[in-house]
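Q: Could you take me through one part of this model up close, namely how its strands pair up and where its salt bridges sit? I'd like one connected walk-through rather than a list.

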Amino acid sequence: MIHPLSDVQTNKVGEGTNVWQYAIILKGATIGKNCNINCHTFIENDVVLGDNVTVKSGVYLWDGITVKDNVFIGPNVTFTNDKRPRSKKYPDSFQKTIIKENASIGAGAIILGGIEIGANAMIAAGSLVTKNVPEKALVKGSPAIVSAWLNDNGTKMEYKNGFFEDNKGNKWQLLNNELILKL
């Protein structure tokens, strides 16, 4: 369903995707299947959204952003794509930002350009993300720092006997700010 009050210029919109009123999607954008693009959103040309992505109201996705499957982007999340912006002076290329599978970004978070957000990571509402976010990390604050490690369902892992234990009984070890499954 594409609302008649939206402006969808691309023909690359997947089946089952909803685009609500006052959303603007430029010609070069690619939108996957079963996405929900809320009202008052803007998606530039060099943007790719995977399947089952939710983009809440007030989100602008600029050139260079790739969003993988099953990602949630909360209301009024802000993205950037130019490290040294100047009026009417454009870089040769924009910074690339990648949001991996099953990540969630809380309302009002700010994501600087050139960032990679790992699979199953969660960004707390209002956080300022200035560097890459590891897989399964919960980050919060300004600047955002890792405050916990998450199960695939978004609940926190428990720390027991020097390891993080997930909800399936697997043990994980922290090495260089990344979780490594203990075999």
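**Strand pairing and salt bridges**

A: Let's start with strand E17 (residues 122-123), which runs parallel to strand E19 (residues 137-141) and is joined to E19 by two bridges. Keep in mind that this is a predicted model. Within that pairing, Ile123 has Val139 of E19 as its bridge partner. E19 also pairs with strand E20 (residues 144-149), this time antiparallel, through five bridges. Here Val139 turns up again, standing opposite Val146 in E20. So what connects E19 to E20 along the chain? A hairpin does, by way of two residues.

While you have the strands on screen, one general point helps when reading the side chains: in a regular strand they alternate between the two faces of the sheet.

Now carry on past E20 to the charged side chains. Asp152 lies in the loop between E20 and strand E21 (158-160). Asp152 makes a salt bridge with Lys168, and the closest N and O atoms are 3.5 Å apart. Lys168 belongs to the loop between strand E22 (163-165) and strand E23 (171-175), so this pair ties together parts that are 16 residues apart in sequence. How open are the two ends? Asp152 is partly exposed, with a relative accessible area of 44%, while Lys168 is exposed, at 59%.

In the same stretch of the chain numbering you'll find a network: salt bridges link Glu158, Lys160, Glu165 and Lys171. One of the contacts to look at is Glu165 with Lys160, a salt bridge whose closest N and O atoms are 3.9 Å apart. If you apply the usual cut-off, that pair still counts because a salt bridge needs the side-chain nitrogen within 4 Å of a carboxyl oxygen. Lys160 is partly exposed, at 36% relative accessibility.

How many salt bridges does a search of the whole structure find? It finds seven. Another one to pull up involves Lys96 and Asp46, with the closest N and O atoms 3.1 Å apart. Lys96 sits in the loop between strand E12 (78-79) and strand E13 (97-99), and Asp46 in the loop between strand E6 (42-43) and strand E7 (47-49), so the contact ties together parts that are 50 residues apart in sequence. As for its surroundings, Asp46 is partly exposed, with a relative accessible area of 38%.

Technical notes:
Residues are numbered from 1 along each chain as its sequence is written. This is a predicted model: local features need pLDDT of at least 70, side-chain atom pairs count only at pLDDT 80 or more; totals for chains, interfaces and linings use all residues. Side-chain values use heavy atoms; hydrogens and water are left out. Two strands pair if DSSP finds at least two bridges between them. Helices (H or I, at least four residues) and strands (E, at least two) are DSSP runs, numbered from the N terminus. Buried means under 20% relative accessible area, exposed over 50%, partly exposed in between (1.4 Å probe, protein chains only).
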